[in-house]
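The following exercises concern the association of two chains. Each task is followed by a solution in steps.

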2 protein chains.
Amino acid sequence: MAASDFKVGLLGHGTVGAAFEALLAERAEEIERFNGLRPVICGILTRSRGDFEKILAEADLLVEVIGGVEPAREYLLQAMRAGRHVVTANKQLLSQHGEELFETARAHDVRIRFEAAVGGAVPVVRVLEESLSATPIDRIHGIVNGTSNYILTEMSKGSSYAEALAEAQRIGYAEADPSDDVTGRDAAAKMAILARLAFGAPVHLDEVRYEGIENLHGDDLQYARELDLGLKLVGTAERRQGGLSVHVFPTFLYPGHPLANVSGPFNAVTVESETITEITLSGPGAGGRQTASAVLGDVVSVMTGGAKPPAPPLAMALIEDVESAFYLHLDVADEPGVLATVTKVLGEQRVSIKSVVQRGMGEHARLVMVTHPVLESSLREAVERLGAFDFVRSAPRTIRVIEEEFL
Amino acid sequence: MAASDFKVGLLGHGTVGAAFEALLAERAEEIERFNGLRPVICGILTRSRGDFEKILAEADLLVEVIGGVEPAREYLLQAMRAGRHVVTANKQLLSQHGEELFETARAHDVRIRFEAAVGGAVPVVRVLEESLSATPIDRIHGIVNGTSNYILTEMSKGSSYAEALAEAQRIGYAEADPSDDVTGRDAAAKMAILARLAFGAPVHLDEVRYEGIENLHGDDLQYARELDLGLKLVGTAERRQGGLSVHVFPTFLYPGHPLANVSGPFNAVTVESETITEITLSGPGAGGRQTASAVLGDVVSVMTGGAKPPAPPLAMALIEDVESAFYLHLDVADEPGVLATVTKVLGEQRVSIKSVVQRGMGEHARLVMVTHPVLESSLREAVERLGAFDFVRSAPRTIRVIEEEFL
């Protein structure tokens, strides 16, 4: 290898690993022209071939695209302790062992880059780490799971959840076991990472409350249309009451919200700050080539000096009970006094109603309300009290609503 | 000053300069916590106070927010020759003397950063320079002038151009002399800069063809609604026929286009690449605090090692005559055979029609057509021939159309 070679050891050779190898070969010359160094792969480790120690000894940088916690964690720690830079696309690992990895990077003065862990080719990690490093951030909203956004888009056109999931699996947007995507766990891991970057506080995946899309009803999407709201799986990380709130929930969005029109397998992240109002980044979610492109961008970033690892974490309380507007759906008996009773109970829990749609259907009626912002605990109590009335025919359903602050 | 101070000389103290000074004071502690260095302002130069040589001698980095070509150019060159890093928000300067500045930065091994020159707080410069440095870019479309986007948004709601401009001036979105914004010249400067970053080829402001919004008719916006198209001032930089085409024109966008819903004084840039499909960045256009935030982000980037100046330029031919779909508006006498003659002339020039709206109004009729993509020169010839017919009552109007490639 030539003196101007920058040696990259590749751990993992699945979809992303193979796409990375191909893209690096395509782009090496252009990268060398720009940076004076040519990235070359000095070794590949898979389950069946390659020797980690040997690759480590030769490499300037290791790219980890194995996924999962072990052995990825051990490889990355060992590499950094040996003074090697690392690039990883591993959101599970970062959302569970991020602080250990960042601390190791700081202690050994090496870079750790992970653009591909969140948002596919959408450069949200770098924008938070670098462009906005001088900006105090108030809130991030993200559609960070392309699979569930695709399914919701199909459901909004009339498909059932099962049909939309099957179609997503057929065209390769969803895996055979889609649990991580549809339960919200994948999005929760990504929001933990974004929260760490935006607010400096360590957030473990286990600390992120999340709910997926697998229990949504076609009804919810139908009412969304009637109320002129879009339904998305939205991750939120925000400063609240001096602490930090991080969660992922199905959420209704007003049509003017920058995330409301993000359709299909796309990702988008909105960053709000008093200083800059808001910026939005959007693009295709993970795909082999998109992810590989983000990984290669990280490799180039390290070659050219790149950003330091995240600073030591700040202590910040995680707040669970935060205010939000809610959509509330009740199946009720169509009898006199029901609406009066419902509004009385809500009023007693300080839940104030912004809009209501009542629709009689034979002896049943449906009450669909959107509330003004209210503490979740207050809403939960109100819903529990309502659920105990005989005239409420099935469990009340609630979904968060993001209001049109920017209009 | 302490040893951990990073000394910033500030050239210019208008809206952006003052906002930068305030923001730096607010954020210095947080920046020091993260980076170990504290940015401090070591001197301010305005027309009436400060001494350039003295500020230069003390500073680690100069921030230039004077605007215009001279004396900004001379200050920046002198600073880089003295080994100082520079940050500038000056799009006029970069689009006319960019290569001289970049070459000086490379020769003296200093950083030159200019995020604030394009897109306000939207981090498009850094994304092109760094995140996408490993990605071959095919095309950029940008709404990069917030003033004209605000005016067009108001016109689409029914205001006349004059009313919308007056309102923009009243609320501070447009200057007393709005020429740079409404003629497209400001957007052209920004597209020259983005084209250089995306394609590596030097593009001088004088080489960018541009047309503004000041000659648009209310009619055009009304027909846009009928054809379900949005009307925006769009800058485009794209690889075409082995060369590069850079231009700014009022453009109709199909509703699915990522730029079609960008309203008010916002900026947005879409980057297309075979590798990543497309990503879109959007946010508020220039405002004092947004621009200051981008400048401070650049300062932090330099403090932490930041990206190198752009590599030496690539030679790439600038292509003027490119294919595009067009909207064509003809005022014609309402007499037999007109449509047949028009379509015959268009056919002879190989202009093929995608959709047509004909509307009779007394003895006049209006023909509004959208063509399939056609070389601009062919369309111009066809329009010239049509304009010569007696039945054409006023000069034909043409506007570019961006088609829905992503739907």
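**Exercise 1.** Determine how β11(A) and strand β11 of chain B pair.

*Solution.* Strand β11 of chain B covers residues 277–284, and its pairing with β11(A) is antiparallel, over three bridges. Strands are DSSP runs (E, at least two residues; helices are H or I, at least four), numbered from the N terminus, and two strands pair if DSSP finds at least two bridges between them. Within this pairing, A:Thr280 lies opposite B:Ser282 of β11(B).

The model is predicted: local features require pLDDT of at least 70 and side-chain atom pairs pLDDT 80 or more, whereas totals for chains, interfaces and linings use all residues. Residues are numbered from 1 along each chain as its sequence is written, with chains lettered from A and ligands numbered from 1 in the order in which they are written.

**Exercise 2.** Describe the side of chain A that touches chain B.

*Solution.* Begin with the contacts: 40 residues of chain A meet 40 residues of chain B, a contact being C-beta atoms, placed from the backbone, within 7 Å. Next, assign elements: α1 (15–35), α5 (124–131), β11 (277–284) and α11 (288–303) of chain A each supply at least two residues. Of these, β11(A) gives the most, with eight residues.

**Exercise 3.** Find the operation that superposes chain A on chain B.

*Solution.* Least-squares superposition uses the C-alpha atoms of residues with pLDDT of at least 70 in both copies. The result is a rotation of 180 degrees with 0.0 Å of shift along its axis (RMSD 0.1 Å). The copies are therefore related as by a two-fold rotation axis. A:Leu281 comes closest to this axis among the residues of chain A, at 2.3 Å (C-alpha).

Definitions and conventions
Contact = placed C-beta atoms within 7 Å.
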